[in-house]
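Okay, thanks everyone, let me put the model up on the screen. I'll walk through a few parts of it, and shout if you want me to stop anywhere.

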Amino acid sequence: MSLASLGMTNHMTVSRRDFCHRLSAVVPAALLAQRIPMLPAETIRLDSNENPYGPFPSARGAIARAIADGNRYPGGDVQALVDEIAKQNGVGPSNVLLTVGATEGLIMCARAFTRPDAALVTAAPSYETIAATAERLRSPVIRVPLRDDGRLDLDTMSARAATAGLVYACNPNNPTGVSIPATAMRSFIASAPHTTFVIGEAYHEYVETPGYESMATDAMRNSRIVVSRTFSKLYGLAGLRLGYLIAADTTIRELARLRVGLGANSLAVMAAAVSLHDVEEQDRQRRLTRESREATMRFFSERGWRVLPGEANYLFVDIKRDLPTFRAACESRGLLVGRIYPPATTWMRITIGTRDEMQRAFAILGDVL
């Protein structure tokens with residue numbers, strides 16, 4: 001299919017509506033029946049913890065250069081990225097496994113370490129991919145409610161972990177955004193010496209709280225630890241789907257048997273490699289996110305709404321009412337906020353957008369609340 005067949009040339013701009021109309025003339029009706037909803041351009045998307053700034057400018061340049069080799073399978077650039085990830089995390093290249101987003105890595109862990117007689121222990125609410133996978137595999141899932149302060153209830157999780165096959169600890173936890181200090185996490189892992197722990201560090205790059213540490217180097221001393229990371233958040237590559245696992249050599253080899261072959265796409269690999277070196281842009285985006293997050297916390301706190309002290313690019317707020325109804329009211333005004341996270345049925349997760357997006361969102365939230 002050529003651009004010309006859609007009535008498009010490099011001398012013409014076409015609206016999204018016109019594009020879809022022209023697409024319908026050349027794409028089979030059966031495919032168009034499976035439509036992906038298109039949002040108005042002015043919609044404020046604060047529902048999926050995406051980075052509102054997009055890929056780093058340096059990464060966009062790398063993507064533009066890499067697309068010329070899009071006809072080739074990923075090659076040496078993959079190993080170069082693995083080497084850089086290993087170097088920055090103080091581990092060896094054999095301790096890093098690239099995945100299709102963080103999602104593939106979590107699915108692999110559920111497949112490797114849970115069984116009908118080996119349960120998964122996780123928090124509630126928390127990120128659900130690994131729990132949903134375990135349930136599809138007919139493995140028991142034990143969900144432990146969070147503490148009142150939004151933190152993982154490590155004591156109760158520890159008590160349930162002794163006979164489990166896998167424990168998932170999201171740190172900072174999604175959707176609450178609250179982190180666990182390294183000392184507490186290490187004691188938690190030590191409490192169940194025969195259980196594998198997956199530590200979800202999707203938002204690791206945002207945390208600036210003293211006492212927090214990644215468990216990456218701990219995984220080199222303990223084959224029961226797997227660290228899950230992603231390039232979807234700070235690095236703004238959610239649409240390119242690239243993540244990685246860090247674990248001991250033996251654990252990586254076990255997990256590698258379950259991976260998708262050649263799963264890392266070339267554009268994502270090049271963008272990620274450049275982003276890891278772009279410390280200036282990392283710092284800039286952390287600062288922008290922190291400033292907007294603090295403004296968002298003030299907005300809710302000053303109006304008497306309880307908001308947890310999140311440390312990532314989202315916040316969790318008790319709106320004291322039915323969330324589906326609230327979300328619908330926001331969406332009708334052009335604002336998307338996070339889905340429901342049982343059992344926190346009156347709590348809203350809101351992604352931190354740009355300063356302009358948050359100001360527009362505040363006006364809508366003030367109206368609806």
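So, β9 and β10 pair in the antiparallel sense, over two bridges. They make a hairpin, with six residues between the two strands. If you want a register for that pairing, Arg-306 sits opposite Asp-318 in β10. And before I go on, keep in mind that this is a predicted model.

Now, what does the whole sheet look like? It's an open sheet of three strands in the order β9-β10-β12, and the pairing is antiparallel. The edges are β9, residues 306-307, and β12, residues 347-351; each has a single partner strand, so one side of each has no neighbour in the sheet.

On to β10 itself, residues 314-318. Five bridges join β10 to β12, and the two run antiparallel. Two of the facing pairs there: Leu-315 stands opposite Ile-350 in β12, and Phe-316 stands opposite Arg-349 in β12.

Is β10 enclosed or open to the outside? Five of its five residues are buried, so β10 is largely enclosed by the rest of the structure. You may remember that in a regular strand the side chains alternate between the two faces of the sheet. In β10, Tyr-314, Phe-316 and Asp-318 point one way, while Leu-315 and Val-317 point the other, and all of them are buried. Notice that Asp-318 is in that buried set, and Asp-318 is also the residue standing opposite Arg-306.

Okay, helices next. In α3, residues 57-66, the buried residues are Ala-59, Ala-62, Ile-63 and Ala-66. They cover an arc of only 100 degrees around the axis, so they end up on the same side of α3. What do they pack against? The buried residues of α3 pack against α11. Turn the helix round, and the face away from that buried side carries the exposed residues Pro-57, Ala-64 and Arg-65.

For α10, residues 249-256, the buried residues are Thr-251, Ile-252 and Leu-255. Looking down the axis of α10, these fall within an arc of 100 degrees, so they line one face of the helix. The cover over them includes β2, α5, β7 and β8.

Between α10 and α11 there's a loop, and Asn-265 is in it. Is Asn-265 buried or partly exposed? It counts as partly exposed, because its relative accessibility is 28%, and the buried class is for values under 20%. I'd also point out Pro-74: it is 191 residues away from Asn-265 along the chain, but their C-alpha atoms are separated by 6.6 Å.

Last stop, the largest pocket. Its volume is about 460 Å³. Which elements give two or more residues to its lining? Those are α5 (101-113), β5 (166-170) and β7 (225-230). The largest share, three residues, comes from α5. We've met α5 and β7 already, in the cover over the buried residues of α10.

In all, 27 residues line this pocket, and Ser-48, Tyr-127, Asn-174, Tyr-203 and Lys-233 lie nearest its centre. By class, the lining is a mix: ten nonpolar, nine polar and eight charged residues.

That's my tour, so over to you for questions.

Notes:
Residues numbered from 1 in each chain as written. Predicted model: local features only at pLDDT ≥ 70, side-chain atom pairs only at ≥ 80, totals over all residues. Heavy atoms only, no water. 1 Å grid on protein atoms, 1.4 Å probe; cavity = no way out; pocket = protein on both sides within 12 Å on 5 of 7 lines; lining within 4 Å. Points joined across faces, edges and corners; volume = space filled by probe spheres on them. Helix = DSSP H or I, 4+ residues; strand = E, 2+ residues; numbered from the N terminus. Nonpolar A, V, L, I, M, F, W, Y, C, P; charged D, E, K, R; others polar. Buried < 20%, exposed > 50% of the residue type's maximum accessible area, 1.4 Å probe, protein only. Arc of directions from axis to C-beta. Contact = heavy atoms within 4.5 Å. Pairing = 2+ DSSP bridges.
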